[in-house]
Every structure is written in structure tokens, then in C-alpha cells.
Amino acid sequence: MREHLTELIVQRLSQLREKLKAEFSFVHPIKVARHFALDDFLPTEIAEKIYVAFPKPNTMHLLSSPGKLKLKYTHLKDASSLLQDINAAIQDPRVVAIIEDITGINHQIPDTSRFAGGISTLLKGHYINPHLDNSHNVEKKQFYRTVNLLYYVSPNWQPENGGNYELWDESITHRLVVPSFFNRLVVMETNRTSWHAVNAVL
């Protein structure tokens, strides 16, 4: 399944390569981070199976701080084979290469430790305030995130439900809301001015 998922992702990104390049390079009027949103990322039946395989909230770890409240799953090795396969497929060198081509950001290194990524859920009342991403190389702090890839699998999700991705300008006064629609992939550049957040789930 891992190879099949990788092929599907490469094919989907390749089909829309030029459109995604244009979307990513577009300079938004409020000057948020470069990004693109790709709907129908995987065949619907596969996206639905990923949702069904998602860890239950009671198996996840609560991350709570003044600026963040969410659940994270920290034991991918205990997750279903489908979740392990989609995680591996997104980090496959072929997928990394095409993301580099679309974004123009080269020398990307997947976060295989999942320290800064992995599987997350936001329940009612959960949120992530505007922030910048730090190093995902915990001890040496040698590597810093250059690109975020987020894949959403909650069926029938609507903007009014909250839990949407937010891109903020450098002064953190204006925002662009990117809805977390089902089966949507969002790719965003991260750097020292790429403020982003998730608004509260309602």
C-alpha cells in the first residue's frame, strides 16, 4: 500500500505541478507565507479509510500550554498499517523531490522523528495560537523546518466548525484563513516570518 500511495501522491502533484507552482509563488495582498491548497489529494475511498483508521482521542497525548491545546499521537508504530504507509509515502524521496520542484525550496529533509509533525487531532475548544516553527532537530538544533505539509481527513468539515489553518502577516494583525476541508493537502513555507495558527474548534 505504501508504494501505491506514493505513486498516487506523485501523480496528483505532477498533474497540477504548474498550477501549484503559480499558487505557491503568488504574493498575497496581506503578505502571508507562500502556500498552496490542493483538494481531492487522494481518492475519496482511501481518504475515508485513513479517517476510519485515525487513532481515538483517548489514545492520544494532550498538549496543553497558554498558546496551544491539541491532541497528538506519539506512537506511530502502534498505528494501523494504513497510517504508517501514508506517513511514509508523504516523506518518500519522490514526493520530497516534487515538493521541492513546486516550492523552489531545495535540500528538504523529512522529519522522520515526527517530533515536529505526525498525527494530531483538535477537539471542541482546541486551538493553536499564532506562532513560528522551531528546529525539529531536538538536541543539536541543526535543521529548521522549511515547509509544512498538512493533510486533513475529517469528513464533511466546514469552515464554521473552526479548526481552520490561519496564515498571519509578519505584524500578526491580518490573517488569511485556509479551511481544513476533507481530503485537502496544504503546503506552506516556514521561516522567521511565517506566522500561522489554527482557530478554535467550535
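These are my notebook entries on a predicted model, taken one feature at a time.

**Entry 1: helix α5, its ends and its cover**

I began with helix α5, which spans residues 93-103. I looked first at how the helix starts. D92 caps its N-terminal end, with a side-chain oxygen 2.8 Å from the backbone nitrogen of R94. At the other end, α5 is followed by G104, and the phi of G104 is positive, near 75 degrees.

Next I asked myself which residues of α5 are buried. My list reads V95, V96, I98, I99, E100, I102 and T103. I was pleased to note E100 in that list alongside V95 and V96. The cover over these buried residues includes helices α1 (2-15), α2 and α4 (81-90). Strands β1, β6 and β9 are also part of that cover.

**Entry 2: α2 against α5**

I then turned to one of those covering elements, α2, which holds residues 17-25. Two packed helices are described by the angle between their axes and the distance between the axes. Here the axes come within 8 Å and cross at roughly 55 degrees. That crossing makes α2 oblique to α5, because angles count as oblique when they fall outside the parallel, antiparallel and perpendicular ranges, the last of which runs from 65 to 115 degrees.

Which residues meet in this contact? From α2 I wrote down R17, L20, K21 and F24, and from α5 I98, D101, I102 and T103. Sorted by class, the contact has four nonpolar, one polar and three charged residues.

**Entry 3: T103**

T103 in helix α5 deserved a page of its own. Is T103 buried or exposed? It is buried, since its relative accessible area is 4% and the cut-off for buried is under 20%.

I checked the polar atoms of the T103 side chain for partners. One of these atoms lies 2.8 Å from the backbone oxygen of I99. On the nitrogen side, the backbone of I105 has its nitrogen 3.1 Å from a polar atom of the T103 side chain. Leaving out residues up to four places away in sequence, T103 touches F24, R34, Q108 and V187. F24 belongs to the α2 side of the helix contact above.

**Entry 4: the sheet β1-β9-β6**

I moved on to the strands. Three of them form an open sheet in the order β1-β9-β6, with antiparallel pairing. β1 and β6 (147-152) stand at the edges with a single partner strand each, so one side of each is left without a neighbour in the sheet. From one strand to the next, the twist averages 10 degrees.

How many bridges join β1 to β9? I count four, in the antiparallel sense, with β9 covering residues 184-189. One pair I noted by name is H35 with its bridge partner M188 in β9.

**Entry 5: H35**

H35 lies in β1, which runs over residues 35-38. With a relative accessible area of 13%, H35 is buried. A polar atom of its side chain lies 2.9 Å from the backbone oxygen of A33.

Beyond its neighbours within four places in sequence, H35 is in contact with E23 and F24, with L167, L176 and V178, and with V187 and M188. I liked meeting F24 again, as F24 also touches T103. V187 is another residue found in both contact lists, that of H35 and that of T103.

**Entry 6: the β2-β3 hairpin**

Strands β2 (residues 61-65) and β3 (residues 68-73) run antiparallel and are joined by five bridges. A hairpin of two residues connects β2 to β3. For a named pair, I looked up L62 and found L71 as its bridge partner in β3.

**Entry 7: two partly exposed residues**

Past β3, I stopped at H75 in the loop between β3 and α4. H75 counts as partly exposed, at 41% relative accessibility. Its C-alpha atom is 26 Å from that of W157, which is 82 residues away along the chain.

My last stop was A200, in the segment after β10 (196-198). A200 is partly exposed too, with a relative accessible area of 35%. Not counting residues up to four places away in sequence, it touches H126, Y127, N161, G162 and G163. The C-alpha atoms of A200 and F181 are separated by 15 Å, with the two residues 19 apart along the chain.

Conventions. Residues numbered from 1 in each chain as written. Predicted model: local features only at pLDDT ≥ 70, side-chain atom pairs only at ≥ 80, totals over all residues. Heavy atoms only, no water. Axes fitted to C-alpha atoms, helices over the stretch in contact; angles between N-to-C directions. Parallel < 35°, antiparallel > 145°, perpendicular 65-115°, else oblique. Contact = heavy atoms within 4.5 Å. Nonpolar A, V, L, I, M, F, W, Y, C, P; charged D, E, K, R; others polar. Buried < 20%, exposed > 50% of the residue type's maximum accessible area, 1.4 Å probe, protein only. Polar contact = N/O pair within 3.5 Å; in protein donor to acceptor, adjacent residues only side chain to side chain. Pairing = 2+ DSSP bridges.
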